[in-house]
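Colleague: Could you walk me through the ring contacts in this one, and then a few other spots I want to ask about?

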Amino acid sequence: MAASSSDWPVHQLWPPSEGKRRTELDVVFFHGLQLTASDSSDAWSSTWTQRGHDDVCWPREWLPFDLREAVRIFSVSYNAHVVTSPHDHVSEIAHNLFQTLINPRYEWHHPIVLVGHSFGGLVLKSMVVKVKRASSIQNPTNSWSKATLQCAKEFLSNVRGVAFYAVPHAGSSNIAKYVNKLLRCHNRHHPGIMDNIQPWQRDMEQLSVDFDDIVAENGMNIYAFCEGRPMEQVGILVDFSSAQRLAGHNSYKVEDADHMEVCKPPSKEHPSYGLLLQFIVTCGEVARKCDEALQEVHDLPQSMFGLESYVERVETLVTSEGSDADPQYVGVWGMGGVGKTLLLQRVYGSPKVHGHFQGAKFIWRTVGQTPDIMALYQTLSEELGLKPELYVNPEDYKLKLYNQFRRRRVFLVLDDVWQDKAFDSLDL
């Protein structure tokens, strides 16, 4: 028996009260499976915390102010604990969320961006499919269903984008193994959850087909964030090919985050947060309305309308044809706070750049005011698969990096460079 919709609350992260405020955009967050033994009742909040700061829920603390508060932000709650959840299938959770969210009281009149982590992305997809089916019903029989039908149509027509964090669109054998191990430890059996995450399970394949059709029909934008670091004793839970499905080049591998950290940016300056912010603004078609907000937050001059013209210029420079034997350098400089990092975040995640540098290694490193050149060499060596412990002086590092850069394509961003020696050290 399905739970009542009251058991599946919607938490309004922003604005903090129900009072009437100007709204231009709605963002809804869906959390993933809960794998730990701790209480999962706060997953709607704890999933979306700043890495290393469990008391900072970044969708509540950061997003409203970077979008100048002209946004409503929700996080939905449901029991998705692999041991204690009474629900057997993603479809059941999605059904209850549908009953809760597709409600005229929420007034879905504005562009909507949906954000899902891991299993939450599957729940999100299933709910969208249910909304689509409900909006196709002809001749509803009572006033409640008429209101729901209208709400479903309005909700679906306003979903402009979906951001996925490490979602196993094609299933994940590693998650399945991990969940099976937890279930055995607790002497439990959860066939429904296992069906959701086993690679290429039939229902999940059909869910992907149905969702893909809706994305194409409604012209939704998709962005995928992929885990880049394995979890201890488990490995990569959702591989890149499964996580980036539908997104294509609109994807970003968070190299310094594992499956549980991929949705937890360590700071507002981290590329993963800047790319999500850019995606939300773009999908909401509020670039003009948020231009003033971006200017206020990042101190951008008026001529940098939405950064588009500057992004295009840098994209053209880095994708221009040159000798493969010679490295190309592009410098972006300006006063502090002018928006250099945000501009580079957009270029770093640009589909045009990723298309040009297919197969390349993408690396982002923040240098800082007092650069440690040996540490920089070491991290670059690790990124390129070298063994940094073999090199004891800068010249050894530089020679090995030089050989690596000649043999393979690397797209390297050095952010927050204050001293010439940081750049000179990589003048290979």
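Modeller: We can start with the aromatic pairs and then turn to a helix and a histidine, bearing in mind throughout that this is a predicted model.

Colleague: Fine, so how many aromatic pairs are there?

Modeller: The count comes to 22 aromatic pairs. One of them is formed by Tyr-165 and Phe-225, which are stacked, with 4.6 Å from centre to centre and 10° between the planes.

Colleague: Where do Tyr-165 and Phe-225 lie?

Modeller: Tyr-165 belongs to strand 7 (residues 159–165) and Phe-225 to strand 8 (residues 221–227), so the pair ties together parts that are 60 residues apart in sequence. Both Tyr-165 and Phe-225 are buried.

Colleague: And what about Tyr-348 and Trp-364, is that pair stacked or edge-to-face?

Modeller: That pair is edge-to-face, because the ring planes of Tyr-348 and Trp-364 stand at 85°, which is over the 60 degrees required, while the centres are 5.3 Å apart. Tyr-348 sits in helix 14 (residues 340–348) and Trp-364 in strand 10 (residues 361–368), so the pair links distant parts of the chain, 16 residues apart.

Colleague: Why do you call Trp-364 buried?

Modeller: Trp-364 has a relative accessibility of 9%, and it counts as buried because the cut-off is under 20%. Tyr-348 is buried as well, with a relative accessible area of 2%.

Colleague: Which residues form one aromatic cluster?

Modeller: The cluster consists of Phe-29, Trp-48, Trp-58, Trp-62, Tyr-165, Tyr-223, Phe-225, Tyr-273 and Phe-279, and it therefore takes in the stacked pair of Tyr-165 and Phe-225 that we began with.

Colleague: Which ring does the charged end of Arg-72 sit over?

Modeller: The charged end of Arg-72 sits over the ring of Trp-108, 5.4 Å from its centre. Arg-105, for its part, lies over the face of Tyr-106, at 4.7 Å from the ring centre.

Colleague: Changing topic, how many residues of helix 5 are buried?

Modeller: In helix 5, 15 of the 17 residues are buried, so the helix is largely enclosed by the rest of the structure. Helix 5 (residues 119–135) reaches 25 Å from its first C-alpha to its last, close to the 24 Å expected.

Colleague: Last one, where is His-270 found?

Modeller: His-270 is in the loop between strand 9 (251–254) and helix 11 (271–283), and at 10% relative accessibility it counts as buried.

Colleague: What do polar contacts join its side chain to?

Modeller: The side chain of His-270 has a polar contact of 3.1 Å with that of Asp-256 and another of 2.8 Å with that of Ser-272. Leaving aside neighbours within four places in sequence, His-270 is in contact with Val-254, Asp-256 and Gln-345.

Conventions
Residues numbered from 1 in each chain as written. Predicted model: local features only at pLDDT ≥ 70, side-chain atom pairs only at ≥ 80, totals over all residues. Heavy atoms only, no water. Phe/Tyr/Trp six-rings, centres within 6.5 Å; stacked < 30°, edge-to-face > 60°. Helix = DSSP H or I, 4+ residues; strand = E, 2+ residues; numbered from the N terminus. Buried < 20%, exposed > 50% of the residue type's maximum accessible area, 1.4 Å probe, protein only. Lys NZ or Arg CZ within 6 Å of the ring centre and 35° of its normal. Expected span 1.5 Å × (residues − 1). Polar contact = N/O pair within 3.5 Å; in protein donor to acceptor, adjacent residues only side chain to side chain. Contact = heavy atoms within 4.5 Å.
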